[in-house]
Amino acid sequence: MFDKNISYISPDYLYKYDTPINTEAILQTRQERQTKLFELPNQKYYEAIQTIADIQSDFFDFSSAVIKVGCPDELSPEQKERFHNSLQTFCPWKKGPFELFGVTIDAEWRSDWKWQRILPHISSLKNRKVADIGCHNGYFMFRMAVQQPELVIGFEPYTKHFWNFQLIQNIVKQKMLAFELLGVEHIHYYPQFFDTIFCLGILYHHTDPIGLLRKMREALAPKGEIIIDCQGIPGNLPVALTPQKRYAQARGIWFLPTQSCLENWIGRAGFSDINCFFAAPLSVEEQRRTTWANIDSLSEFLHPHDLSLTVEGYPAPWRYYAIARK
């Protein structure tokens, strides 16, 4: 099913629109990054996909919290074993939940909770061009597909997540979904292209959050909207925490804003109609260790004697969700 010499990312959308997409830059970056898909550290993911290339189904349901694909009685015992082994290759599963041919994958994050909070506040995605920045294994992309968008492009530079997405996409074959091995820093390749941009769990991992917000604004079509989920800290002042090294045991955390600070970032990036519609501490019920993610999780990252602090002594994480328009 797979040939290392061909692209697994459909280029069709690049030639469909009159808008000034930087096709040359996208193709060049795509070519550079696709070579990593078959490098030794990723070989096990590629092989896991190959071993189940014969497994297909016409059944899928993206309309509820658990993304469902295939039915258990469609697989022979031998196929079930192969499929289960392939799924285990991708442990820990960080985003979910999924039910794939009867195998329930309870991921570390209850991504369905996030989607349920966001859904009432966004414009309908029907016939819209959508970006999912940091799409991971595509959980939100599949949930978006229910609304019949014209196109959803997932931006995700990590090759493991590409193969994890491909495992499901090979079965459900959603033509409106495209996965690009790009990061948020490449969003300017798509000037005034997207009607909706989802920036979920991204900003605090970057050294220039306002600069990224400006780039995303330029990628929005006129009157487009952006949905932002950002980890932050409690407080009334418009300030952000910069941890010395790690925050809740995580590297790569640069700025953790208060709600008012996040709102100021969004405003100073040029957005209007800013509405922070959710603000709450991150709970150990939403991010936790599971059978399919048998790793340290939020409960291990908080102070053992004071859950309002991280193990490093910083304020424990909050989540802020905001929507704004160009």
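Trainee: How far is the sulfur of C276 from the closest cysteine sulfur?

Mentor: In this predicted model, the sulfur of C276 lies 9.9 Å from the closest cysteine sulfur, which belongs to C230, and that is too far for a bond.

Trainee: And what about C261, which cysteine sulfur is closest there?

Mentor: The closest is again in C230. The separation from the sulfur of C261 is 8.6 Å, also too far for a bond.

Trainee: How many disulfides does the structure hold, then?

Mentor: Zero. A disulfide is counted when two cysteine sulfur atoms are within 2.5 Å, so the 8.6 Å from C261 to C230 does not qualify.

Trainee: Are C261 and C276 buried or exposed?

Mentor: C261 is buried, at a relative accessible area of 5%. C276 is buried as well, at 16%.

Trainee: Let us turn to the sheet. What is the strand order in the open sheet of seven strands?

Mentor: The order is β9-β8-β7-β10-β11-β17-β14, and the pairing is mixed.

Trainee: Which strands stand at the edges?

Mentor: They are β9 (177–180) and β14 (272–281). Each has a single partner strand, so one side of each has no neighbour in the sheet. On average, neighbouring strands of this sheet are turned by 15 degrees against each other, with direction ignored.

Trainee: Which strands pair with β17, and in what sense?

Mentor: Strand β11 (residues 220–232) is joined to β17 by eight bridges, and the two run antiparallel. Within that pair, I228 stands opposite A322 of β17. Strand β14 also runs antiparallel to β17, through seven bridges, and A279 has Y320 of β17 as its bridge partner.

Trainee: Why is β17 described as largely enclosed?

Mentor: Strand β17 covers residues 318–325, and six of its eight residues are buried, so the rest of the structure largely encloses it.

Trainee: Where is there a parallel pair?

Mentor: Strands β7 (residues 129–133) and β10 (residues 194–200) pair in the parallel sense over four bridges. One of the matched positions is A131, whose bridge partner in β10 is I197.

Trainee: Now the open spaces. How much space lies in the largest pocket, and which residues lie nearest its centre?

Mentor: The largest pocket holds about 1300 Å³ of space. Its lining comprises 45 residues, and K94, H136, Y158, G201 and H205 lie nearest the centre. The elements giving two or more residues to that lining are β7, α5 (139–145), α6 (159–172) and α9 (298–301).

Trainee: How do the lining residues of that pocket divide?

Mentor: There are 23 nonpolar, ten polar and twelve charged residues in the lining of the largest pocket.

Trainee: How many cavities of 30 Å³ or more are there?

Mentor: Two. The second largest cavity contains about 30 Å³ of space, and its lining is formed by K95, W109, R110, S111, K114, F140 and E286. Strand β6 (109–110) and helix α4 (111–118) are the elements that contribute two or more residues to it.

Trainee: What is the residue character of that lining?

Mentor: The lining of the second largest cavity divides into four charged residues, two nonpolar and one polar.

Trainee: One last topic: where is N85?

Mentor: N85 is in helix α3 (residues 77–89). With a relative accessibility of 41%, N85 counts as partly exposed. N85 and A53 are 32 residues apart in sequence, and their C-alpha atoms are 13 Å apart in space.

Terms used
Residues are numbered from 1 along each chain as its sequence is written. This is a predicted model: local features need pLDDT of at least 70, side-chain atom pairs count only at pLDDT 80 or more; totals for chains, interfaces and linings use all residues. Side-chain values use heavy atoms; hydrogens and water are left out. Buried means under 20% relative accessible area, exposed over 50%, partly exposed in between (1.4 Å probe, protein chains only). Two strands pair if DSSP finds at least two bridges between them. Axes are lines fitted to C-alpha atoms, for helices over the stretch in contact, and angles run from 0 to 180 degrees between N-to-C directions. On a 1 Å grid over the protein atoms alone, a cavity is a set of points where a 1.4 Å probe fits but cannot get out, and a pocket is an open set with protein on both sides within 12 Å along at least five of seven lines; lining residues have an atom within 4 Å of a point. Grid points are joined across faces, edges and corners, and a volume is the space filled by probe spheres set on the points. Ala, Val, Leu, Ile, Met, Phe, Trp, Tyr, Cys and Pro count as nonpolar, Asp, Glu, Lys and Arg as charged, and the others, Gly among them, as polar.
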